[in-house]
Every structure is written in structure tokens, then in C-alpha cells.
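Me: Please take a close look at one interface, the one between chain E and chain C. What does each chain bring, and which pairs hold charge across it?

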Amino acid sequence: MLINCVAYQNGRKLADIPVEDISEYVCRPDCFVWVALAEPTPEEIDQMADEFSLHQLAVEDARKGHQRPKIEEYEDSLFAALHTVEADESDGSLAVGEVDIFVGTNYILSVRHRTQKGFAEVRARTEREPELLSHGAGFVFYALMDTVVDRYFPVLDGLETELETIEEQIFVKNTARSNIESLYALKQKLVVLKHAVDPLMDATGKLYGGRIPQVCAGMEAYFRDVYDHLHRINATIERIREMLTTAIQVNLGMISLAENEVTKKLAAWAAIIAVPTMVAGIYGMNFENMPELRWVYGYPLAVLTMLVGDIGLYLHFKRVKWL
Amino acid sequence: MLINCVAYQNGRKLADIPVEDISEYVCRPDCFVWVALAEPTPEEIDQMADEFSLHQLAVEDARKGHQRPKIEEYEDSLFAALHTVEADESDGSLAVGEVDIFVGTNYILSVRHRTQKGFAEVRARTEREPELLSHGAGFVFYALMDTVVDRYFPVLDGLETELETIEEQIFVKNTARSNIESLYALKQKLVVLKHAVDPLMDATGKLYGGRIPQVCAGMEAYFRDVYDHLHRINATIERIREMLTTAIQVNLGMISLAENEVTKKLAAWAAIIAVPTMVAGIYGMNFENMPELRWVYGYPLAVLTMLVGDIGLYLHFKRVKWL
Amino acid sequence: MLINCVAYQNGRKLADIPVEDISEYVCRPDCFVWVALAEPTPEEIDQMADEFSLHQLAVEDARKGHQRPKIEEYEDSLFAALHTVEADESDGSLAVGEVDIFVGTNYILSVRHRTQKGFAEVRARTEREPELLSHGAGFVFYALMDTVVDRYFPVLDGLETELETIEEQIFVKNTARSNIESLYALKQKLVVLKHAVDPLMDATGKLYGGRIPQVCAGMEAYFRDVYDHLHRINATIERIREMLTTAIQVNLGMISLAENEVTKKLAAWAAIIAVPTMVAGIYGMNFENMPELRWVYGYPLAVLTMLVGDIGLYLHFKRVKWL
Amino acid sequence: MLINCVAYQNGRKLADIPVEDISEYVCRPDCFVWVALAEPTPEEIDQMADEFSLHQLAVEDARKGHQRPKIEEYEDSLFAALHTVEADESDGSLAVGEVDIFVGTNYILSVRHRTQKGFAEVRARTEREPELLSHGAGFVFYALMDTVVDRYFPVLDGLETELETIEEQIFVKNTARSNIESLYALKQKLVVLKHAVDPLMDATGKLYGGRIPQVCAGMEAYFRDVYDHLHRINATIERIREMLTTAIQVNLGMISLAENEVTKKLAAWAAIIAVPTMVAGIYGMNFENMPELRWVYGYPLAVLTMLVGDIGLYLHFKRVKWL
Amino acid sequence: MLINCVAYQNGRKLADIPVEDISEYVCRPDCFVWVALAEPTPEEIDQMADEFSLHQLAVEDARKGHQRPKIEEYEDSLFAALHTVEADESDGSLAVGEVDIFVGTNYILSVRHRTQKGFAEVRARTEREPELLSHGAGFVFYALMDTVVDRYFPVLDGLETELETIEEQIFVKNTARSNIESLYALKQKLVVLKHAVDPLMDATGKLYGGRIPQVCAGMEAYFRDVYDHLHRINATIERIREMLTTAIQVNLGMISLAENEVTKKLAAWAAIIAVPTMVAGIYGMNFENMPELRWVYGYPLAVLTMLVGDIGLYLHFKRVKWL
């Protein structure tokens, strides 16, 4: 589905143009064309490939989707595959989408797959800053990457909040089962985010250090900024991951501690019930010659013995914290 | 066993040729010969070594099989050993085979060991694209590698499905034993796939970056594509591996939780049985002076006491979730 | 909030200057201006950006705060973001603040966020050493970094002391729960400190090896010293981390050992109570023909049997350390 | 102990020569001398050091033995220390020996320590291939390394077999103790093999890539082959190691599962015994007014109640797999 | 405290010289001065700094002590901080000391902190080898490093012996608690040694490869030897560490196995006691119509039933290894 197809000149919007005219505008040296597709049909992609003369391998990647995040150079153009990660507000589950971006000297084509949010705001914002937009396709490429990466932060904050929620629960009794499920669910989300960020960080590093692709020339500080954000996200992911690993181990310890406590309680109550049972058993023996049986206060004394024994045990178990 | 032995000229099939003529066609500058062997006898390999003048060490590797995946340069030719990984459809177990490929300026020889699927489709597809096939042996080499690597994807998808199946089971009660067995089996398969992919990724990296072997010249974008697939597979393997490790720990926690629950149940029922036993014991004592024994409603009262005690306990244990 | 705004010439304080004059002094080749802000308003930062002509991206970072530790080069100036880590004396919790430093050929601007301690002492000390201060902004930059890094040491010492306290407790009985909580809390603090130190170490390494930024030229030995301190902190963090991991595992072992001991005690006392109960049960049977029941010493003998059995059991369990 | 001392010319054996003549033959440009020592006395080593003019530090290493595997260059000669790993056929334990090799332009000296198998077969095989032997000392060096490395394979196969044996046992009940012992023993052996292979792999990598020592010139493909074998061994070691780690965790899970089962059995049988005991207790009470006691079928009915209760429990526990 | 202050010429001792003359001797091109301090006062260090014109940062490091192991270049001099590790013979605990070494073209100054053993033997040995000592300060530097590193070996051997002792105990019953304590203590020592060795290995690597500091020129083979020893120590540390990690896990498994055995024993004896209790309970019922009660052999038969039941159970539990 075509979202936008606009030509720009000197940082200002020239016109919405029909798709068939793209190849014409791309040839003008002072113009650049910015096209946005979402959930495209194969035919739309083929048409774009024709208009922009895209490299066949990159086009195939965009058609198939499900690429790992990467930035690849094809002669003087770039092909970038970015993962979007969106948290479902109702249940916090993460949805991974994909944005494929083709960047040339004077064109930029973005293709969204399986994403909720579009990039209309990016277009609006950059159109308000003509001096920046006049940098051309490279700047738009930066603006798109920056937006994708900035959208990781609320997701990451959500994961940090989840970890904190679990940390508050982890030493509370009788929460082990829900904690362990939450820890595993958090781990799953963390791995999803990590696998969006990790390869992108590697790729972005090549846009500001060493030999820089032509279309990004002069934008190094901007791409370093994106890299820096990715690095920060990555460091936080690692921190959560490390705490998660420890939390899982600690949770295991808490489960074992809980087992200890149940066993202690079981033992204590077993003793408290067993003592009167034993006493009762003794006075239930049928020996003819058991003088206590004939005492007037034999029975109350026996019951008293039971009570005293049990109260003693109870206090003892309370003191050693088995109860 | 000889599968095919064909000479090509300018990207088009010239003829099926007899093995003895190979050395003759290899000398023609505009021709290349593509030979496919499967489960070859030592004699067949020796004959090929003669016809193509293969390097002795590479020939020995191909004869012995059981190489680790690798790509080695011998002067102006390449020797590649690739692992095929095929999932048995009945029980999901993985079978590892091997494809050894010798590539020279104008020949390509593939030798299959212990594989189910051949490469007839690769030959058919490349023959339909003469403009690509005219790149010569390097393109065929790419096509073979690409096919081997693409065949890892369904295997990997199978492993991901297995992981998801286990993840659905892992917090279900009484599945710990089967989960632990499934996790171990999955780990075994993962390691098998990883050891096919890992060394190949290292080797493929050398075919598109840095000094590129002569026979792969001009094909960098294609080999980068293969590398990219391997990288994606590897990232997924790592993701599964990380989740597996966590899942094994979580499973251990679930086992301990299950133990806790059994102990709690044991404790609760023990108490419920012990209380009437104790009461019965007391009224089984033989004291002469036990007035309750003579009450008309002594017995029903005793039984009532037992019932009330047990119902109280039962409700208590239900409330604290021990039952 | 503006803390200080001072111009220096040849290593000596020239004058406190008003903010509006900064741009004037910065232009004098033999002068440099050292400004300190704390919890600045956006307006203050904008004013500084104007006076010093700071790079827009760096200014945005300083305005937003919450940067990861880093040192970035913008043409001939540097932007450094450092984390301060301060231990709360009452409960030992760690508070992370931030110091952003802009360094140019003849200016230095420090911006503190969320920190308790300022850098007045640094200014006082460097003003007492004019020969060093005459190195200019680069030396002040070193002095600030050195101070931030040196303030990590007491925090680190606190963590080491915590670890030692736990290590003294870890093999003591009935401390498992508090140990596990302490271990987790220590891990949390360690991760906080690590994430202040780790990225800074990478960044500092670039100030004394390889291509050195202009403003740090001639100060290599000093920055290597800072790096060395960071490296030492990092090595200690790693050491604590490794011991922590082991301690958590050992703690788990201690919990299981404690469980073993409870189970043994439970078993031993259960046996000691069960034996007289069994004997009593036997002599509570109602067979008409049980000669012992009619013996004069039947009852004492039965009780004696119980006692002897229990004393024997008790000594046995003492001997095998179940009690 | 001197094993052999032979001079070769143009790849053919010239003569067994006395030790004193070595220095003379070494000076002839077209000759090379190959000496083999086993468990040498210090005097023998000193004599060799004199005859071959060996570097003092290398000689000291050979005299002391117990070197880590390494290959060191001393001007135009090489000193290699290799570990041999031999499996004791009776109990599978591993014995580590050492082979120190001195290689110069026209000499090779091997010194065996604590090894069972010698290298007589290497000498015999190379003497049968004069065209290869004419490469001189470098080829002999390759042949010795190749032999040492090839002898790791059967050891490694043994470890793989051990792992498979354990894997077959690991989910079998009541094998946890023997499995854990086997896993630990396997780990010990694995570490031994790993520490023979790891450093050697690093060292061998320098014999075919980058600046190649003079004595190995022209033999790159051969040393790459050795490296390749080491790499394969290493990959297998890593694979076993990874499975071992998982197996140890799985084993821990199996132990906990076994505990669960014992607890369940205990609980089930406790219930089955406790129910009739409780019923018997009730009808053992001495209330005067217990009508059931006087029923003719009171006793059989009580026993029936017990039986029905127990059969019900038994079936229930069977159904929930506690029995 | 000044230990020695000696001037050497051409590898031979010239004279013990007073501290004030040091600066004079240092200027003579063919002389070098070797000074040894132990637990110096700040004044002694200041005096040395003056006499040798040491770099201020290095002097501060030596004054403060507690440096991490490192080797730093200051123009044409070196500053090395080494850790000594000494095992207390009575309880095996490790004491970490420090040796700071300043090396210049013609001086060497060693400063010992918190060490038991000095370096008198090094001085004595090197004085006996004038041809080596004539290499000057660089050789003395090597000799000191070599001695510090060689003294790690007995410490390491001690740790290996400790590991072996634990390994012999680890599968023995009832040793889990002492094993776990020993494992933790060993881990603590290992970490201490590791943190002495690790940074030194990095630093030493720079003394024989790449750009070599002037004072070490021509001594590459010697420093490579030191590096090699450090590498060997490090490999052994890693090996012990890996086995330790496994041993801790195995120990946890053994603890759980012990728990299983206690539970089994508990269950078995509980059954053996419960069966006669149940039988006795049945014959303790007060039904009027219980014919067995009136049988002459009722009582012996009941007791027989109990005995037969228990013997059967006992044999059963013996057979399944619960007892």
C-alpha cells in the first residue's frame, strides 16, 4: 500500500508525484524522492525496483521480509532492514515488525511490514526543518533510524518496570510460582529486543567510523548519536539480563527455603499431635496392674500431661522459628 | 556414483560428457565442467583428482569425509566442505551429511556423502538462467552453498517449534519429566546445527570481504547474502540456546515447586488423619474415671469433635493453598 | 543553577566573570574559562550553548541528562558524560548522578545532575597549583574525571565489605534467607557501579593511546592514570561478581543441606515417638489370652521396653548426627 | 635414552651416525640429521645442545619438561612442546606425556617424556616417501606434529562414547549417582585434552598464516591441515563440554524428580496405612454407648470400611501416578 | 627501609654506595645502580625520586601501594607493579604483597610492600653471572620478574592439591558441608591468584612483541619466557576454575542425592513401624463380636502377622536400596 510519494528540492516539498514519475525526478540532481510503502504487494515492490533501479538481492530481501536487522551497501546505495518492537498495551507482549529502507543519492524508500505505527510524524517534523532536510536522503535515513531506535526506549522501560515488579515480589513468600513465570516471560521479551538491537548496533557502527557510505557522508555525528542510543539500550538489556539470571537463581533458592519451612512446619505439628497420641496409647494398654488407671485424677492428669507436653513443644518450635 | 557430468559454454549446456573427456574441456577457456558425485568409490575420486588435477590434501579430505565445515584455498582453486542437516520427518532426529565441493576457474565438482536430497534442482534452476550461469564455476558454487544453507531454515524452524511446544508445557503441572527430556533432546539438535553453521560462517566471511579468491571475484554480493543467511541462522540458534538454558533452570524451579506442593499435601492430609486418631486414642484410654465415656452422647460428641476438627483443618489448608 | 564562572590566565585566576562575557574571554588565546552548573534550567544550558558555541547534539544530551557514560569528539572539542555513584550512608543504597563536561581549547563547562557532592574542592586544589593549571582546559578535564573516578573507590570498598560480611555469614546456620537477600542487593549495586565504570573505561582508553584529541595532548600519562584506576575498579568488580556467583550457588547448597538436616531431625523424632506408640498399641489389643497383661510387672516392663528402645534410638541418632 | 640418530641426504637415509658426528653433518648444506631421544638424562640433553647449538632457554624447557604446549621461534630455529594424551585401555584414564621438538634448517631433534608410543612408524613411513622427505626438517616436523595430533582422535572418540553412554543412562531411574560420577570424570578428561589442544591450535596457526618461520616455508598447506585437525578436535571438545554442562543440570533435575517420586510414594503409603489405623482407633474408644460395637457384623463392617477406603486410596494414587 | 644500594660496572659489583651518591653513579654511562627498599617511609621514596629523577605519577603509585599489577612506560623508563602471593604454611591462606620496580637505562629500584621473602637470592645469583648482569638494568628487571612469577608456582601447586583433596571427598557420603566450604575457600584463593596473574600477563606481552621499551631491548626471549610461565599459570588457574564450577554443581547434586536417601530411609522405617501399629489398632477395637480375640493363639498370631509383615517390608526395602 503506497502511503506517500513526494519529491523534495532544496529541503522543501516540491509535490506529491505519481509513482510513474519517480524515475524522472530521481534523475534531477537537486531533487530527491521519498516514498513510503506499508504491507506492499509484490507488484508494488517490483514497480519501485524498476523506478529506483534497486539491486535485485535487496529487493528480494524486502519482498520476503523476515530479515535480520542489517545495513548493506550496494554500490552507491544502502539497504537497511530494521526491526520495530511494539508493546501490546493490554498484555505487555511484544510484536516485532520490520522496516526496510532503500537509500540512494537522491531517493529514499521505506517499506513497513507488520508494524502499528507509521512514520508520518517523521515526515511532518523533517518537513518543518528545511535546513536539515536539504542534506537530502541521508538525513531522512537518519531520521527514520532515529525514530525506530527511539521507539525501543519505552519498550525497554517497560521491561525495566517488569524487572522491578518482580524484584519487589521475589522475597515475598508464596510468590515463587508467579515469579518464575514472570521471569521467564521477561526473558523472552528481552531476547526479542536484544535480537532487534544487537545486529543493528554492529551495522550502525559502520555509518560513522572508518569508510563511510557516500549517502551518509557529513552526517557522522548524527549516526554516532543513533549508535549511542543503541549502545545505551544494549547496556540496559545486558543489565536486565544479568539481574534476571541472578533473580532466577535466587528464586530457586527461595523455593528451596519455602520447602524447608513447610518441612519444619510439618515436623513441628507432627510432633505436637504425636505426643498426646503416644500418651493416650500408653494409657490404652490393657495391663491389669496399672495403678494410674484407678486414680481419681488419673484421667485429668493424663490430659494435663498431654497439654503441658504440647504447650512446651509449641513454645519450643515457636522459639526456633519452625512455626 | 556419478550423478552428472556436463560441460557448459557461455552459460548454456553444451553436452553430457564422458568422464575421460573432462580434462580436455577444462582446458578450453570459454567452457566449464560441472560434475556431481554421490557416495563415490575411492576409484571415482581418484579419477576426478586426475582429470581436474586436484590438490592431494583436498582429495584426501573428500575421500575420508567427516570434515568440519570449511572453505580452503589451494592456489587458484577452492575446496569447500559443507554439512547438510536433514530432519527425519518421523521422529524429528537430525541426520548430518556432507557435501565437498572443488571449484576451479572452469570446473566445479560436488561430492555428496550421507545425504538424502541431491542438487538436481539447483542444476535445473541455474540452467534456466543462462545469463547468471555465464558467470561460470563461481556462480554454481554460490548456488550450491545457497541451497545447502537454505535447507538449514526448515530444520531451524522445527527447532523453534519444539522450543515453543516446550514453553507451552513448562509451567503445566506434572510435565517436568517430559519437559526435561525434550529440553535435552532439543539441546542436542541445536548443538548439531550450530556445529554445521558456526565454522561455515567464518569461512564464508572470507568470500566477500578482504582478499577474495579468484573464482569468487565479482560475486561478493551473492556470498554476502549467503553469509547473511548463516548469520541469521546463527542468531536464531543463539536465541534458542539462551532460552533453553533459562528453560532448564526454570524447569528445575518447577520441579522444586512440585516437591513443595507434594510436601504440603502430605502435611495437610497427615494432619487431617492424625487429629481423629489422637482424639480416638484419648477416648481409648482405660482410666476408670472418665466421665465422658459414660455420657449417652459421648460417642457422637467425640465423632463430632473429630469431624469439626477435620473440617476446620480442611478449610484452613484449602485457604492457604496446601490442598 | 550557576555555581562558578571564572576566567584563568597562565594558570592563575583572572576574575569571576558574568556569563555574558564568556564568549569574549573564550576568544583570548591565553585565557580559558571554567564554568560549573548544577541542575541547570534549559535556559541556562541554551545560554551556555550560545556563549561557547557548543555542538547541538551534545547540548541536547546535556539537557536531557540520563546519558550513558561516554566521551565524544565534536571537531576540536570534547563532550564527556560521567556517572557519579554515591552511597547513602544510612542504608548503603547507591544513587547515580551525572556530570556532563564540555571541553574546548580554552573553556571547560561542567553540568551536574542529581549529585550530592560538587567539585568546589577540585577548583580549590587546582587553583593552588598554577603550574599544572597552566596546561589549560585539558588539565581541568583530567582533574574532574580523576575526582569522579576516585569517588568510586569508597563505594567499591563498601561493596567489598558487604561481600565479606556475607561470606562470614554464609556457612552459619539459619542465615540462608538473609544471605540470599543480601547477595541479591549486593548484585544490584554491583551492576549499577559496573555500568558507570565499563563504558567510561572504553572511552578513557582513547584519551591516551592512538590518535589523541587536541585538548588532551601532552596529558597522556594523566589520562592513563585515570584509565588505570578505572581498570583497577573494574577488576575488583569482576572479582566481587565472580565470588557473588559462587556465593549464590553455595548458598543454594547450604539451603539444601539445611533441608537435609530438618528431614533427618524429623525422621529421628518420628521414630522416637513411634516406637512407644507401637508398643502401647500392642498391649492395647483386646486378646483374651495375652499373659503379659496379667503379670504384676507387665506394665513397668512395657514402659521400660519403651524407654530402652527410645534411649537406644536417641543415642543412635546422636551418633550418626541426625540429632 | 637415544632412540635413533640418522643423517639424510636428498630425502634418503645416509647412515646411522654416532652422536659425536652430528655437528659435522649439520654443517653439510644438503644433509639433515634426525635424532630421537626418550626420557633423556640431563647429560644427553647437554650433549645435544652442544652438537646442535640449541638456544639455552629452549634446552632448559626440554630438560625440565612439563611445558605448556607451544611453538617458539629462536632466530632461524623452532622449539615446539607438544602434549601426548594416551588413554589407558583398562580404565579409560588419560595419561599426558610430552614431546619436545627442536627444528633447524637441517636438523630435527625430538625428545619424548612420559609417553607409551614412540614415533618409529613416522620414521618408517617418511623414509618410504623420499620425495616428501627431501623437503627436509620442516617436513619431518610436520609428520611428527601430524602424528601427535592424529593420536588425539581416538581419545576424543572415547570421550564421545562416554558421553553417549551417559546420555543413554541419564533419564533412567536410580542412575543419578553413577551418572554424576561419570559426568565429573568425563569433565576431568575433557579438560585434560582441552589443555593439550587449545594452546597448540594458537601456535599452529602461526605456521601457515602471516610471517612463516623459515623452516616451515613451502609447507603451509600441510600445517593448515594440522591446524584444521586441531580445530575439529576443539569444536568436538566444545560440543561435548556444552552437552556436559547441560547434562549436569539435567541430572540435577532428575535427582529432584526422583525426590518428588519418593515423597509421593511416602505420602501415598502413609495415607493407606493411616486410614485403617484411624478407623481402628475410633472403634477402640471406650464409650459405653457405641451401638456399632454390639452389632453382629460390626467388626466385619469396620474391616470392610478399612479395605474399601484403602482400595479407593490405592486406585486414586495409581491414577495420579503417585504409586 | 633500605636493603641494598649497589653500583655495578660491566656486570661486576663496584661498591655499596651511599644513597646520596646515586645520582652521580647514574650519570656514568657504563655503570648501573641497583637499589632495594622494603616497607619504605615516604621520605625514603622522596629521596629516591630525587636521586633517580623518577616520574611523579609513578612515585605516587609506589608511595600509595595497592596498585593493580601493571607495567607502564614513562619516556625511557619503566614502572612495574607486581603482586607477590605467599601461602601461609600453617593454614594455607594467601597473603598478597607488592613489589614496585622502577627501571631506567642504568638504574633499577625495587620497593617491597607487605612481603615475607626478599630478593637477596636474586642479587646473589645475578652477581655470580657477570656476563648476564652486564646486560644491565633490563636483565635485573627480568630476574626480579622471573623470581616473582616463579614464586606463584608453589602457590598454584597448593591450590591444585586442594582441588584434588576435594575431588577425592566429593562423592563420599556426609562430606557435603565440608566440601562446600572447601570449594568456596579454594575459589577465594584462586581469584586472588588470578588477579595477580591476569593483568601482569597482558603487560608482559608488551615486553617481547611489537614495539619494545628501550630498557628491555635484546631481552625478548627472556621476557617471552616469563610470559610463557604466566600463560601456563593462567591456563592452570582456568582449569582449576572450570573444575571448581563443575564440582560446586556436582556437590549440589550430591546434597540432593543425600536428601533422597534420607527421605527413603524415613519412608521405609515409617512403614515398618506403621504396619504393626495398624494391626495392633485393629485388635484394639472393642467390637463384641471379634472371634479372633478369643482364640487361644490369637495374640501370637497377631504378633506373627506383625513380624512377617515387617520382615517382608525390611527385605523389600533392602532390595530396592531404600535401607
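Reply: Contact here means heavy atoms within 4.5 Å. By that rule no contact joins chain C and chain D, whose closest C-alpha atoms lie 9 Å apart. Chain B and chain E have no contact either, with closest C-alpha atoms 9 Å apart. Chain E and chain C do touch: 49 residues of chain E meet 46 residues of chain C.

This is a predicted model, where local features need pLDDT of at least 70, side-chain atom pairs count only at pLDDT 80 or more, and totals for chains, interfaces and linings use all residues. Residues are numbered from 1 along each chain as its sequence is written, chains are lettered from A and ligands numbered from 1 in the order written, and side-chain values use heavy atoms, without hydrogens and water.

The two chains bury about 4,500 Å² between them, 63% of it on carbon and sulfur atoms. Buried area is the accessible area (1.4 Å probe) lost on being put together, summed over both parts. In chain E, R177(E), Y184(E) and Y299(E) lose the most area to chain C, together 18% of what that side buries.

Now charge. The rule finds seven salt bridges across the interface (a side-chain nitrogen of Lys or Arg within 4 Å of a carboxyl oxygen of Asp or Glu). One of them joins E288(C) and R294(E), with the closest N and O atoms 3.4 Å apart.

On the side of chain E that touches chain C, α9(E) gives the largest share, 16 residues. Helices such as this are DSSP runs of H or I, at least four residues, numbered from the N terminus.

Definitions and conventions:
Helices (H or I, at least four residues) and strands (E, at least two) are DSSP runs, numbered from the N terminus.
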